[in-house]
Amino acid sequence: MEKAIEELHIEKINSIQTLEKCAELLVEAYNAPPWNDNWTKAKALEKLTCFYHSPQFFGWTARQDTHLLGCCVGNIEPYFSGDYFYLKEMFVSVHAQRKGVGFRLMAVLKGYLETVDIQTIILFTSRDVFPFDFYLKNGFREMEGMRMMHAGPTA
Ligand SMILES: CC(C)(COP(=O)(O)OP(=O)(O)OC[C@H]1O[C@@H](n2cnc3c(N)ncnc32)[C@H](O)[C@@H]1OP(=O)(O)O)[C@@H](O)C(=O)NCCC(=O)NCCS
């Protein structure tokens with residue numbers, strides 16, 4: 001890992017207005033390797049807004065001064081054996097990656113979930129890309145036997 005960013009402020013997302021800047025960051029992060037997606041800001045904002053309106057939505061931003069460097073969003077979902085947090089998106093500015101921003105966001109998320117007695121976080125990612133290693137380093141494990149399925153063209 002490169003030198004950690006100092007003076008990083010992690011804040012809970014309390015206003016829908018915050019999503020504008022998060023959408024710009026999502027576009028930057030996912031249109032770059034390893035995903036090389038083709039997000040527009042409008043579609044990114046639509047997606048984040050959709051999450052924001054989910055029951056029990058929670059999200060955090062990481063910023064240095066006025067610069068937004070990272071974001072994670074998801075929601076708590078009910079489950080028979082114990083509710084879990086579904087981490088929908090997590091992204092860090094390309095120029096700020098590998099400096100501990102993702103780790104700090106994850107630590108704040110985990111800390112918060114402890115306070116509300118949620119013990120499980122789930123997420124989807126690809127096995128063949130570096131975010132997979134990031135999640136392994138943050139204590140995640142693959143769910144053996146589970147497969148993501150789709151009908152129609154791949155999303
Ligand atoms: C995955 C992501 C959120 C991690 O955040 P981060 O702030 O870069 O991560 P950290 O600095 O806390 O952790 C660093 C570790 O993550 C991995 N990693 C993060 N960015 C990387 C990069 N650009 N290239 C290679 N490995 C990377 C490495 O395992 C790294 O450890 P190392 O530097 O010792 O090799 C961030 O890289 C990102 O936004 N990627 C693009 C969007 C994305 O893939 N989101 C997750 C989708 S499931």
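Colleague: How many residues surround the ligand, and which are the closest?
Modeller: Around the ligand there are 21 residues, the closest being Trp 35, Met 90, Val 92, Arg 98 and Gly 102, where a residue counts if one of its heavy atoms lies within 4 Å of the molecule. This is a predicted model, in which local features need pLDDT of at least 70 and side-chain atom pairs count only at pLDDT 80 or more, while totals for chains, interfaces and linings use all residues. Residues are numbered from 1 along each chain as its sequence is written, and side-chain values use heavy atoms, with hydrogens and water left out.

Colleague: What makes the approach of Val 92 to the ligand a polar contact?
Modeller: A polar contact is a pair of N or O atoms within 3.5 Å, and a backbone N or O atom of Val 92 lies 2.7 Å from an oxygen atom of the ligand, so this pair qualifies. A side-chain N or O atom of Tyr 30 also qualifies, at 3.2 Å from a nitrogen atom of the ligand.

Colleague: Why is Asn 75 called buried?
Modeller: Buried means under 20% relative accessible area, calculated with a 1.4 Å probe on protein chains only; Asn 75, which is found in strand β3, has 4%, and is therefore buried. Its side chain reaches the backbone oxygen of Pro 55 at 3.4 Å, and its contacts (heavy atoms within 4.5 Å), leaving aside neighbours within four places in sequence, include Phe 57, Tyr 84 and Phe 85.

Colleague: How do you know that β3 and β4 pair?
Modeller: Two strands pair if DSSP finds at least two bridges between them, and eight join β3 (residues 67-77) to β4 (residues 84-92), so the criterion is met, with the strands running antiparallel. Strands here are DSSP runs of E with at least two residues, and helices are runs of H or I with at least four. Both strands belong to an open sheet of five, in the order β1-β2-β3-β4-β5 with mixed pairing.

Colleague: What makes β1 and β5 the edge strands?
Modeller: Each of them, β1 (8-12) and β5 (120-122), pairs on one side only.

Colleague: How do you know where the buried residues of helix α4 lie around its axis?
Modeller: The buried residues of α4 (residues 130-137) are Pro 131, Phe 132 and Tyr 135. Seen down the axis, they fall within an arc of 105°, so they line one face of the helix, the arc being that of the directions from the axis to the C-beta atoms. These residues pack against β4 and α3 (101-115).

Key:
Buried means under 20% relative accessible area, exposed over 50%, partly exposed in between (1.4 Å probe, protein chains only). A polar contact is a pair of N or O atoms within 3.5 Å; within protein, one must be able to donate a hydrogen and the other to accept it, and residues adjacent in sequence count only if both atoms are side-chain atoms.
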